[in-house]
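Colleague: Please pick one part of this model and go through it closely, together with what surrounds it. A plain account will do.

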Amino acid sequence: MPFRRREAKGITGFLHFSIFCLWSPVIMGKYANVVAVGLIGLLCLLDGYSARRLKTEQAEIEQRQLLNILPSWLERLRNNLPSSLTGRVKPLSASADVPAATKPAEVLNWPSIELDVGQITGVAVDDKSNPVILHRGNVKWDGGSFDSSGQYNRIDDGPIKNDTIVTLDAATGSLLDHWGSNLFYMPHGLEVDAEGSTWVTDVALHQVFKFPKGSQVPSLTLGEAFVSGSDDKHFCKPTDVAVSSSGIFFVSDGYCNKRILKFDADGRLLDVFTGPFNIVHSLTLMEEKDALCVADRENSRIVCIHAGLKEGPGQAKFGSPYGPAGYKGKHVGRVFAVAAKGQQLYAVFGSIFLGMSDGKTFDLDSLSTLSRWTPANGFGSPHDVAVSRDGEAMYVVQIGPNRIHKFALE
């Protein structure tokens, strides 16, 4: 793996040197645009090359730093390239039958404190609509974290010593609570259900945990520690959890498997939906609509299915397509996470191009794009998104830089 990393860096170093050369008026000449397009094409190919070689979140962060030296004229030229090359989907105007959405507005100078945390992989809101974040302390997911079969390589290092779960005040961003030391190895997904229980997925342990409100001892543990699998008793790097008001919950599984599992409140498996996914990275449940939407990350799409929570004749079964997009979903860009409130679906996207990571708002039923949004300084590597229970705020967390952003919603 170190050889592969040096190989990738050697290529990017050459491309950076080539872009620097384009700044020279002598070299630019009348062929500057042609050369620029060629270099951008090579960078796009490199993205796919690096993703295949280094499928880690740390590699994602490094790739997004490749174009820090792009001059403005070259960035404008890149923006005019087809999305099939760049992976970027330009925001669309809402159709006539889709109501316009107010663009989320960043809340400046929030949080009010500097957070000393590691990679923030998950965000949720508690029963008081305070944001809760999940971070990895001093642990990073890099090229040496897992072997080729998905097994964690650093078990001997022990669990993360830091408090990995932190609650902030919704109004000020000040620290309210923190816990979760010596519990996780590589935490990934976070959810807080209607009863205040905290759910965490750990991709190193290949497990899912439920912690009752106020307890640091799980009342439910699914999966076998450090043992991956694709049967009814195992996961392989599970990524997220969505919980209904009745206690029925869903697990996205995940990095290795291509499925969503449905469990009853006691953790008994009810059903499994397997689809043509390529990293089922995030889930969001709209219970009133019986819709479960999925961030299918490497397929660059959002897919919505029925959750199968409504009983009776004629009711849709779990896994049946929701909305006109059907099982094809909507190709919207490299989506990392989704969250919803009412008729609006919010998603965050990652890009290797400087300043091109962003967030978008969609109409839930049609998946039409309603707005595009970013913080004032742009996103680096957004990883998760959550909407407050009152629908007045949205939170986005990043794994590099390790930050949380608050946006006001109307």
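Modeller: One definition comes before the rest: a residue counts as buried when its relative accessible area is under 20%, as exposed when that area is over 50%, and as partly exposed in between. The model is a predicted one. The part I have picked is strand S2, residues 120-125. Six of its six residues are buried by that cut-off, so S2 is largely enclosed by the rest of the structure.

The approach to S2 comes first. The loop between S1 and S2 holds asparagine 109, and proline 111 lies in that loop too. Asparagine 109 has a phi near 55°, a positive value in a residue other than glycine. With a relative accessibility of 78%, it counts as exposed. A cis peptide bond, with omega at about 0°, joins tryptophan 110 to proline 111.

On the other side of that loop, S1 belongs to an open sheet of four strands in the order S1-S24-S23-S22, paired antiparallel. Strands S1 (105-106) and S22 (382-387) are at the edges of this sheet and have a single partner strand each, so one side of each is left without a neighbour in the sheet. Within the sheet, S23 (residues 393-398) and S24 (residues 404-408) form an antiparallel pair over five bridges, and alanine 393 is opposite alanine 408 of S24. Proline 401 sits in the loop between S23 and S24, and a cis peptide bond with omega of about -10° links it to glycine 400.

Now the partner of S2. S2 pairs with S3 in the antiparallel sense, over five bridges. Valine 125 has proline 131 of S3 as its bridge partner. The S2 and S3 hairpin has five residues between the strands, and one of them, serine 129, takes a positive phi near 65°.

S3 leads on to a nonpolar core. The largest such core has 23 residues, of which Tyr152, Ile165, Met186 and Val200 touch the most other members. S3 (131-135), S6 (187-192) and S8 (207-211) each give at least two residues to this core. Methionine 186 has contacts that include Arg136, Trp141, Tyr152 and Val203, leaving aside residues up to four places away in sequence.

The empty space beside S2 is next. Three cavities of 30 Å³ or more are present in the structure, and the largest of them holds about 60 Å³ of space. Two or more residues of its lining come from each of S2, S6, S10 (238-243), S14 (280-286) and S22. S6 has the largest share of that lining, three residues. Among the lining residues are Thr121, Gly122, His188, Asp240, His281 and His383. By class, the lining divides into two nonpolar, eight polar and two charged residues.

S2 also takes part in the largest pocket, which contains about 670 Å³ of space. Of the 32 residues that line this pocket, Glu191, Thr284, Leu285, Ala340 and Arg389 are the closest to its centre. At least two lining residues come from each of S2, S6, S10, S14, S18 (335-341) and S22. The largest contribution is from S14, with five residues. This lining is made up of 18 nonpolar, six polar and eight charged residues.

S14 leads to one more backbone feature. Aspartate 290 is in the loop between S14 and S15 (291-296). Its phi is positive, about 55°, although aspartate 290 is not a glycine. In contrast with asparagine 109, which is exposed, aspartate 290 is buried at 4% relative accessible area.

To return to the strand itself: S2 is largely enclosed, pairs with S3, and gives residues to the lining of the largest cavity and of the largest pocket.

Definitions and conventions. Residues are numbered from 1 along each chain as its sequence is written. This is a predicted model: local features need pLDDT of at least 70, side-chain atom pairs count only at pLDDT 80 or more; totals for chains, interfaces and linings use all residues. Side-chain values use heavy atoms; hydrogens and water are left out. Two strands pair if DSSP finds at least two bridges between them. A nonpolar core is a set of buried Ala, Val, Leu, Ile, Met, Phe, Trp, Tyr and Cys residues joined through side-chain atoms within 4.5 Å. Buried means under 20% relative accessible area, exposed over 50%, partly exposed in between (1.4 Å probe, protein chains only). Contact means heavy atoms within 4.5 Å. On a 1 Å grid over the protein atoms alone, a cavity is a set of points where a 1.4 Å probe fits but cannot get out, and a pocket is an open set with protein on both sides within 12 Å along at least five of seven lines; lining residues have an atom within 4 Å of a point. Grid points are joined across faces, edges and corners, and a volume is the space filled by probe spheres set on the points. Ala, Val, Leu, Ile, Met, Phe, Trp, Tyr, Cys and Pro count as nonpolar, Asp, Glu, Lys and Arg as charged, and the others, Gly among them, as polar.
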